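Good morning, and thank you for the time. I would ask everyone to look at the sequence and the structure together while I go through a few local features.

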Amino acid sequence: MSYQPLLLNFKEAAQLRQSLNTETLLGKALSRDIAQTDNYMATVGIEVPGHGEGGGYEHNRHKQNYTYMNLAGRMFLITKEQKYADFVTELLEVYADKYLTFDYHVQKNTNPTGRLFHQILNEHCWLMFSSLAYSCVASTLTQEQRDNIESRIFEPMLEMFTAHDFDRIHNHGIWAVAAVGICGLALGKREYLEMSVYGIDRNDTGGFLAQISQLFAPSGYYMEGPYYHRYAIRPTCVFAEVIHRHMPEVDIYNYKGGVIGNTVQAMLATAYPN
């Protein structure tokens with residue numbers, strides 16, 4: 001298998017590289033991301049805690065880990081500095097060593113529990129961002145490293161996540177299909193991408209297309225209201241771009257009258273009514 005980044009290809013990374021250390025808006029944004037990622041790598045480094053209460057130290061550390069793995073993966077492609085790939089690889093290797101040793105969280109919630117978080121929803125977030133990071137650095141790993149990470153983190157997550165909330169029409173379902181589809185593609189398991197787009201039974205009752213058909217009005221209004229619109233917009237847009245790049249036959253941005261573009265505009269109008 002040829003491992004490739006899912007969202008930022010090598011040509012795009014080279015174009016972004018030209019803006020490094022410039023005073024342009026893009027240059028300043030890259031400098032900010034580099035500074036924040038370097039600071040996290042220097043002050044926190046490789047730390048994988050166990051369980052903690054929702055919103056507590058452990059919860060936030062797992063959340064920050066996936067945030068900075070995602071940033072570091074992109075910074076590796078843009079800057080070509082090996083330290084960013086090393087950070088992603090080392091952190092994923094520690095997760096690979098620990099993940100299956102964690103039992104399911106003891107703090108019960110209306111959402112099924114995960115091994116890292118008190119609800120599996122947060123684990124969907126972890127998988128989506130960590131899979132994007134993995135896709136940026138996987139080509140630099142040995143086969144042994146890839147087998148270890150994939151078999152002990154990503155594949156168990158794929159198995160678990162397709163059993164809970166996967167076809168539920170809900171913001172939890174959007175995160176589930178985005179995480180599973182992106183991870184499956186990162187691992188070269190395209191069947192998970194197709195399952196995430198069309199649903200487990202491929203009958204329009206679940207999957208991403210059902211989510212955006214039933215949760216979003218043609219005007220773009222999100223049925224669960226503005227707060228969850230804010231929460232659901234990230235996986236919606238990220239997964240839509242992955243589908244656009246890797247399943248162009250779906251024509252995702254024109255699906256249902258361009259509802260994804262409409263919902264971005266609706267969210268902006270809700271946030272800035274004047």
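Aspartate 251 is partly exposed, because its relative accessibility is 40% and the class of partly exposed residues lies between 20% and 50%. This residue belongs to the loop that joins α10 (226-246) and α11 (259-271). I should say at once that the model is predicted. The backbone at aspartate 251 deserves attention, since its phi is near 55°, a positive value in a residue other than glycine. For context, most residues other than glycine have a negative phi.

Where is arginine 202 found? Arginine 202 is in the loop between α8 (190-198) and α9 (208-214). Its phi is likewise positive, near 55°, and arginine 202 is not glycine either. With a relative accessible area of 41%, arginine 202 is partly exposed.

I turn now to the aromatic residues. How many aromatic pairs does a search of the whole structure find? The search gives 11. One of them is formed by tyrosine 3 and tyrosine 134, in an edge-to-face arrangement with 6.3 Å from centre to centre and 85° between the planes. Tyrosine 3 comes from the segment before α1 (10-17), whereas tyrosine 134 is part of helix α5 (residues 120-137), so this pair ties together parts that are 131 residues apart in sequence. Are these two tyrosines buried or exposed? Both tyrosine 3 and tyrosine 134 are buried.

Ring pairs also build a cluster, and its members are Tyr66, Phe129, Trp175 and Tyr231.

Rings take part in another kind of arrangement, this time with a charge. Over which rings does the charged end of arginine 115 sit? One is the ring of tyrosine 104, with the charged end 4.5 Å from the ring centre. The other is the ring of tyrosine 99, where the distance to the centre is 5.8 Å.

My last residue is histidine 172, which is located in helix α7 (residues 171-186). Why does histidine 172 count as buried? Its relative accessibility is 10%, and buried means under 20%. Leaving aside residues up to four places away in sequence, histidine 172 touches Asn111, Gln119, Leu121, His124 and Asp165.

To close, I would set two residues side by side on the display: histidine 172, which is buried, and aspartate 251, which is partly exposed. Thank you for your attention.

Key
Residues are numbered from 1 along each chain as its sequence is written. This is a predicted model: local features need pLDDT of at least 70, side-chain atom pairs count only at pLDDT 80 or more; totals for chains, interfaces and linings use all residues. Side-chain values use heavy atoms; hydrogens and water are left out. Helices (H or I, at least four residues) and strands (E, at least two) are DSSP runs, numbered from the N terminus. Buried means under 20% relative accessible area, exposed over 50%, partly exposed in between (1.4 Å probe, protein chains only). Rings of Phe, Tyr and Trp (its six-membered ring) pair if their centres lie within 6.5 Å; planes under 30 degrees apart count as stacked, over 60 as edge-to-face and the rest as tilted. A charge sits over a ring if NZ of Lys or CZ of Arg is within 6 Å of the ring centre and within 35 degrees of the ring normal. Contact means heavy atoms within 4.5 Å.
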